[in-house]
Amino acid sequence: MPRNPFSEGIYKLKAKNKLAGKIIPLSGMNEDNYPVKTSMLGVVPQGKVILSSDVAAFLDVVDDTTKETGREIAFLLFGKTQEQVVYIDNYIVNGLSDSMNAYFSSAINSALQNFINSSEKDGTDMVVHGHSHPKLGNYYNNFSLGDMEAYTKFREANNVFNSNKIWLSSCLVVDGNFNFLFYDGNDYYKFNEVYEQKSDGKLKKLKCYQSPDIIINRDREY
């Protein structure tokens, strides 16, 4: 199917409007890369993300590989929800991007479709749309406008997500932080608690949103 810049622009405009006042426009930077002020995002009330040990180990590898290669990695996580608590126990990874930007391959899309087909679509299943950021530049800790656009587009282009038959979250892996984000169609909200569930059932707290949320533009800080 041919690329449709007009349609893609609609998703960017939606994301931009939802994030009004939270985006920092920086001179000379492509709009897709405008950083989002993390500290200004809402918080999921009583929200928790609990990862299986396998998923936590996988995300550690994603983080380490991204640091070593300077390349983004795209992935999907799968799990269940119980009210505001998300339990994640499976994943599929795209592999290293051949550019600075992550993308979803046919293998990821196939795994996603299989998950959708097997789901009861009763609002208890969860898909996490994830990628990593390398430690490059001054703004790598932050979601970008392009990240939010991709998440918005992914949700609205899939009816099972847009109707909440299957819940959709997003995840940014960056510098040892596992930053989960939820978009309800109106606004973006952080999960401020992320845990690994060990084999004995105990929970180990993991880092999230602990990297500095300071954006420097020449002689000015925001």
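1. Which backbone oxygen lies 2.8 Å from a polar atom of the side chain of threonine 152? In this predicted model, the partner is the backbone oxygen of methionine 148, and the 2.8 Å separation falls within the 3.5 Å cut-off for a polar contact.

2. The setting of that side chain may help in reading the pair. Threonine 152 belongs to helix H4, which spans residues 145–156, and with a relative accessible area of 0% the residue is buried. Once its neighbours within four places in sequence are set aside, threonine 152 is in contact with Tyr11, Ala15, Tyr183 and Tyr188.

3. On the cysteines, the structure holds zero disulfides. The sulfur of cysteine 171 has its closest cysteine sulfur in cysteine 208, at 9.8 Å, and this is too far for a bond because a disulfide requires the two sulfur atoms to be within 2.5 Å. Seen from the other side, the cysteine sulfur closest to that of cysteine 208 is the one in cysteine 171. Cysteine 171 is counted as buried at 0% relative accessibility, and cysteine 208 is likewise counted as buried, at 8%.

4. A separate point concerns the second largest pocket, whose volume is about 200 Å³. Its lining comprises nine nonpolar, two polar and one charged residues. Among the residues that line this pocket are Val44, Pro45, Met126, Trp167, Phe182, Tyr189 and Phe191, and the lining also includes Thr81, Glu83 and Gln84. Of these, Glu83 falls in the charged class, whereas Thr81 and Gln84 fall in the polar class.

Notes: Residues numbered from 1 in each chain as written. Predicted model: local features only at pLDDT ≥ 70, side-chain atom pairs only at ≥ 80, totals over all residues. Heavy atoms only, no water. Buried < 20%, exposed > 50% of the residue type's maximum accessible area, 1.4 Å probe, protein only. Helix = DSSP H or I, 4+ residues; strand = E, 2+ residues; numbered from the N terminus. Polar contact = N/O pair within 3.5 Å; in protein donor to acceptor, adjacent residues only side chain to side chain. Contact = heavy atoms within 4.5 Å. 1 Å grid on protein atoms, 1.4 Å probe; cavity = no way out; pocket = protein on both sides within 12 Å on 5 of 7 lines; lining within 4 Å. Points joined across faces, edges and corners; volume = space filled by probe spheres on them.
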